[in-house]
Amino acid sequence: NESVANGHELSETEQSQLDSLESTLALYAQVYGYSSAENYLKAMYGNGAALNTYKEYYRLNLLASGYQTEYRDSLTYTADQVAAKDAEDPATYNSYTYNQYYLSASRYLDDEATNEEKAAAAEADAKAITGEDITSVEAMDAAIAALEVNKDTTASSSSMTDQRYTSVNSVIAQWISDSSRKEGDKTYIASTSTTTDDDGNEVTTVSGYYAVYFISANDNEFPLVNVRHMLAGFEGGTTENGTTTYSDEEKAAAKEKAESWLNEWESGDATEESFAALATEYSTDTGSKDNGGLYEDVYPGQMVSAFNNWCFDESRKPGDTGIVETSYGYHVMYFVGQAEDTYRTYLIKNDLTSEDYTSWYNNLVDSLDMTVGDTSYIRTNLVLSSGSN
């Protein structure tokens, strides 16, 4: 209703999806052994399902979801708004690199020992592996391996690299995010749980200790990047247990195709515009093909590893080209340049967008007047019994 009221219409892509719905359902029906699209719908949704009503449902779904996306994409924020959000809690938009190791109290002593005794033993080991003589991660790992509780094991700390604050374990997050933290700082912190006893008193129990070695903090104030690519996707392949693998010959064919596209570009104008034209003509990446292979505001970790590493190579400069292999095929790359926003600004804007979008959506739904519709398809004779059967 909101979509219609604001004059939103289906995009060309959405209209194409709607137009091809019947043929798509017919294909599904054939794959799953049904004689028609209508019979497939009945099998999926019940005897009340029909092709014309499903198509209308599908149209409304496309219209509503398309408008949701349009609204979300329309939200913009000023530098002052970004700064105000950042000031609420600056640590939220940092990333941290550290090592951690957890010593569970349950691993200590025997079953007859009390929780307090087990926790005390765990604390003693936590203190030992974060002592003054521990001046590196390697030293910490050696101390961990030497613990009696780790005898005959290959125990070591876990390396946490550029962990967003929101992903840091809540037990250690406050210590990790302290602005005074510096490389080589270490500590151990109790992991606790609180319960209520029979008298209504709160009882705190130590379940173990986290030993932490701090390495660095990253404020994420580096620019995002804009990049174009054209994908020569792998073709053929053998699928087994849901996993598709490609032969050396199939991979070589994709690589040869990518190399020919790059050669064609280099033999022509060799401009960003000519690269975009070739991407539109050749690329098998449906997500960027119609946009000249362009991905804007790319952030670290957004793309698959080889693609990501090429984009964020420290030596990368505008106009650079290259070919990288991923699980999708071979990508002919063109580096457009750095984006206006930094990764930190992107994270803040993303939070602002999520908050405003959620508020808009909830207000929209909460304002609806609910009415009882057609209940003729509801089976009122089916009930859940609380009995043993």
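This report walks through some salt bridges, a helix face, a serine in a strand and a surface patch.

Keep in mind that the model is predicted, and that side-chain atom pairs count only at pLDDT 80 or more.

**Salt bridges**

The count comes to 13 salt bridges. Three of them are set out here, with the N to O distance and the relative accessible area of each partner.

| Salt bridge | N to O distance | Acidic partner | Basic partner |
|---|---|---|---|
| R344 and D86 | 2.9 Å | D86, 17%, buried | R344, 6%, buried |
| D185 and K182 | 3.3 Å | D185, 13%, buried | K182, 53%, exposed |
| D320 and K317 | 3.4 Å | D320, 13%, buried | K317, 49%, partly exposed |

Let's take the R344 pair to begin with. The side chains of R344 and D86 meet at 2.9 Å, N to O. R344 sits in helix α13 (residues 343-366) and D86 in helix α6 (residues 79-88), so this salt bridge ties together parts that are 258 residues apart in sequence. How accessible are the two ends? R344 has just 6% relative accessibility, so it counts as buried. D86 is buried as well, at 17%, because the cut-off for buried is under 20%.

Now for D320, whose salt bridge partner is K317, with the closest N and O atoms 3.4 Å apart. Here D320 is buried at 13%, while K317 is partly exposed at 49%. Elsewhere, salt bridges with shared partners link D178, R181, K182 and D185 into one network. Inside that network, D185 and K182 pair up with their closest N and O atoms 3.3 Å apart. D185 is buried at 13% relative accessibility, whereas K182 is exposed, with 53%.

**One face of helix α8**

Which residues of α8 are buried? In this helix, which covers residues 137-146, V137, M140 and I144 are buried. Looking down the axis of α8, you find its buried residues within an arc of 60°, so they line one face of the helix. The spacing fits a general rule: an α-helix has 3.6 residues a turn, so residues three or four places apart point the same way. E138 and A146, on the other side of α8, are exposed. And what do the buried residues of α8 pack against? Their partners are two strands, β1 (95-104) and β4 (202-218).

**S104 in strand β1**

Strand β1 also holds S104. This serine is buried, with a relative accessible area of 18%. Its side chain makes a polar contact of 2.8 Å with the side chain of S106. Leaving aside residues up to four places away in sequence, S104 touches S207 and G208.

**A nonpolar surface patch**

Over on the surface, L27, Y28, V31, Y32, Y34, M44 and Y45 form a nonpolar patch. Together these residues have about 780 Å² of accessible area. Where does the patch come from? Helices α3 (21-31) and α4 (37-45) each supply at least two of its residues, and the largest share, three residues, belongs to α3. Y34 is found in the loop between α3 and α4. With a relative accessible area of 32%, Y34 is partly exposed. That value lets Y34 join the patch, because patches are made of residues with over 30% relative accessible area and no salt bridge.

Technical notes:
Residues numbered from 1 in each chain as written. Predicted model: local features only at pLDDT ≥ 70, side-chain atom pairs only at ≥ 80, totals over all residues. Heavy atoms only, no water. Salt bridge = Lys/Arg side-chain N within 4 Å of Asp/Glu carboxyl O. Helix = DSSP H or I, 4+ residues; strand = E, 2+ residues; numbered from the N terminus. Buried < 20%, exposed > 50% of the residue type's maximum accessible area, 1.4 Å probe, protein only. Arc of directions from axis to C-beta. Contact = heavy atoms within 4.5 Å. Polar contact = N/O pair within 3.5 Å; in protein donor to acceptor, adjacent residues only side chain to side chain. Patch = residues over 30% accessible without salt bridge, like charges linked within 9 Å, V, L, I, M, F, W, Y side chains within 5 Å. Areas by Shrake-Rupley, 256 points an atom, 1.4 Å probe, with all protein chains shown as cover.
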